[in-house]
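Visitor: I am new to reading structures. Please take one part and walk me through it slowly.

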Amino acid sequence: MLAFDKSEYLERIQKTKQRMLHEGIEVLLVTDPANMNYLSGYDGWSFYVEQMVVLIIDEDQPFWIGRGMDANGAKATTWLYKENIISYTDDYVDSKEKHPMQFVASILKQMGQGNRVFGVEKGAYYFTALTFEYLQHSLPNAHFKDATSLVNQVRIVKSEQEIAYIKNASRIVELGMNQAIQSIAEGVRECDVVGDIYKSLISGTSEFGGDYPAIVPMLPSGEHTSTPHLTWSDKRYQDNDLVIIELAGCYKRYHSPMARTVSIGPQDEKVNDLSKVVVEGLNAALDVAKPGVTCEEVEDVWRKTIARHGITKDSRIGYSTGLSYPPDWGEHTASLRQGDKTVLEPNMVFHMIPGIWYDDYGIEISESFRVTNQGSEVLADMPRKLIPTSDYYAFRNDAI
C-alpha cells in the first residue's frame, strides 16, 4: 500500500535529520498525521487518539507508536520493520487514571532516550496541552524544543511523484466543481448539492478514485457569501442567489483546492465588477509567481492591482498545500502575504485564493498552482470568472 518507493521515504528521513541537527534536536516526536504519513507512509483515521512517529537522530528507521487496534494499520501502510511498530493497550484510551504519553515515555526510556533533546510539534492540532504535560512529567530529564514546522518545511518542495498525485487531485477537483455548478439551481437544497459533490470527489475518474478531503465543501450562499467558512444547510437556493464553492480534490492524501463563485440569475453591477477585479488581480499575481520571487512580492502585485480599483484586502491571498489530513489542507509554512519572505522554488505548490468579502456578499475565485522553472503552472482547468449557472458550459467527464 506504499504510495512511494522506499527510497523516497529514506530521502525524506535524511532531509528531516539534517534539520534536526541544525536545530539541536536528537529525538523528534511527530504527531501531525500528515507529517507521520510523509515520513512513514502511515495512513489511517486514528489521529483522534494519541499516536506518533518517533525519529531518533542515530537510528536508521523511525518508530510508530499508537493504539493497539491501529498497529496492523501501521503494518499495512508503512515501510517500517514490524519491530518498529509499537502499540499501547486500549485501557489507555480516554482513561482518567493513565495517559498514552506515559507509555510512550516508558518506551523512550527503555531505548535510552530519556535524557536527550526532544523536538515536539507544539502547534499540531492533535498534540494537546495535556499530552505535553504528561510527556514533560514522564520524561523529567529531557529537554523539549518546539519543532512545529520542522517536517512541514521539508515537505514544502515536492518530488515529481508528489506533483503527479497533486495533478490527479486536480482532475478530481475539476469533476467536483463541475458537478457543483451543474447541481446548483433555484429550489435545490444545499445539502443535495453537497451530496452530488461528494459522490464526484470520491468516485474520481475511471483511472483513479478520490480520497476524503481535509476540509468539507464550503458552500455559503446569498448574504452568507460575506464570510468564507460556512458549510451547508437544508435550505433551498433562491433566484438571484450568489453561491461560493470552495472544495478540493484529494488523491493519496494530496490536495488540489479550488474556489469559484456562481450566480443563480443576474447580479448587481457591483458584484460583476468585483468579480472582474478579483480575476484581474489573480491573473497578475499568477503571472509574477516564479522561482526567486518571494511570497510577499506575489501578494504585492495583487494588492497594487486591486488598489487601482479602490479595493483593499488585509488577509493573505494564499498558502502552500499538498499532503494533508483534517481539519486543514494547508501545510502551515509559506503564505502569500506581506512580510513573508519565503523564496519560491520549483515544485512548491500553493492555493492562491484572493477572496474579498463585504457585509452582504463576497467573491472567491482561486487557483492551485505549481512553481515551475519558468513561472507558475495552474493545475486545474475551470473558467476563471463569475459563472452564471444558466449558461455554464459543463466539462464532459470523459474529457477530464
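Guide: Here is a close look at one helix, followed by the strands that can be read in a similar way. Keep in mind that this is a predicted model.

Start with helix α8. It covers residues 190-203, which makes 14 residues. From its first C-alpha to its last, α8 reaches 20 Å. That is close to the 20 Å expected at 1.5 Å a residue.

Now ask which residues of α8 are buried. They are E190, V193, V194, I197, S200 and L201. Buried here means under 20% relative accessible area. Look down the axis of α8: the buried residues fall within an arc of 125°, so they line one face of the helix. A general rule helps here. An α-helix has 3.6 residues a turn, so residues three or four places apart point the same way.

What covers that buried set? Among the elements that do so are α7 (160-183) and β7 (242-251). Just after α8 comes G204, with a positive phi of about 65°.

Next, compare a strand. β2 spans residues 52-56, and five of its five residues are buried. M52, V54 and I56 point one way from β2. V53 and L55 point the other way. In a regular strand the side chains alternate between the two faces of the sheet.

β2 has partners. Strand β1 (residues 27-30) is joined to β2 by four bridges, and the two run antiparallel. There, L29 stands opposite V54. Strand β3 (residues 63-67) also pairs with β2 in the antiparallel sense, over three bridges. In β3, F63 is the bridge partner of V54. A hairpin of six residues joins β2 to β3.

Finish with an open sheet of five strands. Its order is β10-β9-β11-β14-β15, with antiparallel pairing. The edge strands are β10 and β15 (376-378), and each pairs on one side only. Neighbouring strands of this sheet are turned by 40° against each other on average, direction ignored.

Look at one edge. β10 covers residues 330-335, and five of its six residues are buried. Two bridges join β10 to strand β9 (residues 318-321). T321 stands opposite G330 in β10.

Then look at the other edge. Strand β14 (residues 367-371) pairs with β15 over three bridges, in the antiparallel sense. The bridge partner of F369 is V378 in β15.

Conventions
Residues numbered from 1 in each chain as written. Predicted model: local features only at pLDDT ≥ 70, side-chain atom pairs only at ≥ 80, totals over all residues. Heavy atoms only, no water. Expected span 1.5 Å × (residues − 1). Buried < 20%, exposed > 50% of the residue type's maximum accessible area, 1.4 Å probe, protein only. Arc of directions from axis to C-beta. Contact = heavy atoms within 4.5 Å. Pairing = 2+ DSSP bridges. Axes fitted to C-alpha atoms, helices over the stretch in contact; angles between N-to-C directions.
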